[in-house]
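Morning, everyone. Let me take you through one structure. Please look at the sequence and the model together.

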Amino acid sequence: MSQSGIVIIGAGEAGVSAAATLRSEGYDGQIIVLSDEPDSPYQRPPLSKEFILENQHQPAEIKGEAWFKENEIDLRLGARVLSVHADKKLLSYTEVGNSDPAIKIEYDKLLIATGARARMIDNLVSSKTHVLRTQLDARELRSELNRATDICVVGAGVIGLEVASTVRALGKNVTVLDIASRAMGRALAPELSEFLVSAHTLRGVEIHMNERDIIVEESADRLHISSEKNAIAADLLLAGCGVQPNVELAKSIGCDVDNGIVVDEHGASSIPDIYAAGDVANFYHPFYGEHLRLEAWRHAINHAAHVARRMLDKPSEYAELPWFWTDQLGMNIQVVGLAAQAERTVWRYDGDAKTAFHFAGDTLIAATTIDNGRVMTPLTRLIASRWSGDADQLLDTSTPLAKTCKALIKQSQLVQ
Ligand SMILES: Cc1cc2nc3c(=O)[nH]c(=O)nc-3n(C[C@H](O)[C@H](O)[C@H](O)COP(=O)(O)OP(=O)(O)OC[C@H]3O[C@@H](n4cnc5c(N)ncnc54)[C@H](O)[C@@H]3O)c2cc1C
């Protein structure tokens, strides 16, 4: 058994960011990072984009082997944690594909950064059904895509639509089916969902929303996908049906679990010295005064860095507004705030750059930029100031948007 220190389960963005922060904050004890994946830590966002489109050899690394060595962080790949005994501060893991007895390690503090996995729906299972979460998934999907002409994507969420966009760019026929009424409905304002469906349709992607009872049958090397309203044939199906957080381990320890591991504003779970960060954490967000679970790259990094500081009892706050980007059909779309809660959207056009402002009542709660990410910082500050007012003040294109935001933030501060 090794001497105890901080153990991190998961070497995604959250796990690696936490390890890096522990070191940069001066922690000189032992850090062990356990990952059940065989690959050295890599970035997931390229998997649905350039990794497939440009046939990249590797997705970008989060940190390489040399970095782990230099920082004396003990990264163990192919190490699946099976159980944690919180009372003894002891966990055991096995090496994937190895039948040797489980290896036990002690910890002083434990960070669970186990992320999420792709959700699969029974009716969609076939020998040609794929999901996309890991590098291995992406390699399998890419190799099958080479042989496929007609692709069906079930789920018009971010992964489904990014893959639709990517495979369309490769010249394939793509049909997207979704039971929901809105594309990317959990992440976008209603007007943006409509905008995106029109943009995909214009590029030749067929999108059918409100599709009930989707089932798949396989015959003669083809898939037959039918719903209440449609029947299509395809060579390959991508199930883009969202993710489920990897909470089983936390549940077995007795941590509170509710759509993720429930943690407070410091990332602490309901069990002493056990923390959670990133996609798996349902964390208290002080700006909203409620718990949120986010599935976004920057959140995983920054939330985990914050939790790592709190694990060392260093001062830290995390009230960052939710932010994510998606690249589809050659457009870069960025969203800040909880856009899905928008009641009203107004648009601003600065040449080709588009900005959509999302309001609940008179309060600006979120914004979406299309090929205009450079205004994200002032927009984020404006939303964080809880500015409310006449939307027309944002639409005067004779004044740069960044300048307008600055003036309105001042206005907002004077009111408060
Ligand atoms: C294809 C794709 C495209 C994306 N594109 C974007 C984008 O454009 N913009 C954006 O903002 N976000 C995007 N995201 C989301 C973003 O990548 C994630 O939010 C982020 O990577 C989550 O990091 P994480 O470390 O919390 O979890 P993960 O990356 O899921 O890492 C968790 C790790 O823990 C491992 N693990 C789980 N259980 C165990 C166990 N018992 N023992 C050991 N290891 C375990 C998992 O296998 C995994 O390696 C994308 C995600 C995907 C999949």
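Which domains does the domain assignment give for this protein? There is domain 1, made of 6-43, 55-117 and 243-311. There is domain 2, covering 120-239. And there is domain 3, covering 342-415. Before I go on, a reminder that this is a predicted model. Between the centres of domain 1 and domain 3, over C-alpha atoms, the separation is 36 Å.

Now the overall build. The protein has 10 helices and 26 strands. Its radius of gyration is 23 Å, and the globule rule gives 22 Å for 416 residues, so the protein is as compact as a globular protein of that length. Along the principal axes, the C-alpha atoms fill a box of roughly 70 × 60 × 35 Å. Of the 416 residues, 52% are buried.

On to the ligand. Which residues come nearest to it? Out of 34 residues around the ligand, the answer is Asp 36, Glu 37, Arg 44, Lys 49 and Arg 133. Four of those names are worth finding on your screen now: Asp 36, Glu 37, Arg 44 and Lys 49 are among them.

Next, the backbone. Glu 13 places a backbone N or O atom 3.1 Å from a ligand oxygen. Ala 116 does so at 3.5 Å, again to an oxygen atom of the ligand. For Trp 325, the partner is a ligand nitrogen, and the distance from a backbone N or O atom is 2.9 Å. How much of the ligand does the protein bury? Taken alone, the ligand exposes 1,000 Å², and the protein buries 93% of that.

Which elements give two or more residues to the shell around the ligand? They are helix 1 (13-24), strand 4 (79-85), helix 5 (158-169), helix 8 (297-311) and strand 22 (323-328). Strand 4 has the largest share, with three residues. By class, the shell holds 16 nonpolar, eight polar and 10 charged residues. By domain, at least three shell residues come from domain 1, and at least three from domain 2.

Let me turn to single residues. Start with Ser 48. Ser 48 sits in the loop between strand 2 (31-34) and helix 2 (50-53). Is Ser 48 buried or exposed? Its relative accessible area is 3%, under the 20% cut-off, so Ser 48 counts as buried. What does its side chain contact? The side chain of Ser 48 makes a polar contact with the side chain of Glu 162, at 2.6 Å. The Ser 48 side chain also reaches the backbone oxygen of Pro 45, at 3.5 Å.

Now two residues with positive phi, neither of them glycine. Met 184 has phi near 45 degrees. Met 184 is in the loop between strand 11 (173-177) and helix 6 (190-202). Met 184 is buried, at 5% relative accessible area. The other is Asn 259, with phi of about 50 degrees. Asn 259 is also a loop residue, between helix 7 (248-253) and strand 18 (261-263). Where does Asn 259 fall, buried or exposed? In between: Asn 259 is partly exposed, at 46%.

Stay in that loop. Gly 260 is there too, between helix 7 and strand 18. Gly 260 is buried, with 2% relative accessibility. How far is Gly 260 from Ala 113 in space? The C-alpha atoms are 11 Å apart, with the two positions 147 residues apart in sequence numbering.

Two more distances, and then I am done. Ala 19 lies in helix 1. Ala 19 is buried, at 0% relative accessible area. From Ala 19 to Ala 233, 214 residues along the chain, the C-alpha separation is 47 Å. Lys 109 is in strand 7, residues 109-112. Is Lys 109 buried or exposed? At 17% relative accessibility, Lys 109 counts as buried, because the cut-off is under 20%. From Lys 109 to Ile 179, 70 residues along the chain, the C-alpha atoms are 42 Å apart.

To close, back to the ligand. The protein buries 93% of the area that the ligand exposes when taken alone. Domain 1 and domain 2 each give at least three residues to the shell. Thanks, and over to you.

Key
Residues are numbered from 1 along each chain as its sequence is written. This is a predicted model: local features need pLDDT of at least 70, side-chain atom pairs count only at pLDDT 80 or more; totals for chains, interfaces and linings use all residues. Side-chain values use heavy atoms; hydrogens and water are left out. Domain bounds come from an automatic or database domain assignment. A residue is near a molecule or strand if one of its heavy atoms lies within 4 Å of it. A polar contact is a pair of N or O atoms within 3.5 Å; within protein, one must be able to donate a hydrogen and the other to accept it, and residues adjacent in sequence count only if both atoms are side-chain atoms. Accessible areas come from the Shrake-Rupley method with a 1.4 Å probe; for residues, only the protein chains shown count as cover. Helices (H or I, at least four residues) and strands (E, at least two) are DSSP runs, numbered from the N terminus. Ala, Val, Leu, Ile, Met, Phe, Trp, Tyr, Cys and Pro count as nonpolar, Asp, Glu, Lys and Arg as charged, and the others, Gly among them, as polar. The radius of gyration is taken over C-alpha atoms; the globule rule is 2.2 Å times the number of residues to the power 0.38. Buried means under 20% relative accessible area, exposed over 50%, partly exposed in between (1.4 Å probe, protein chains only).
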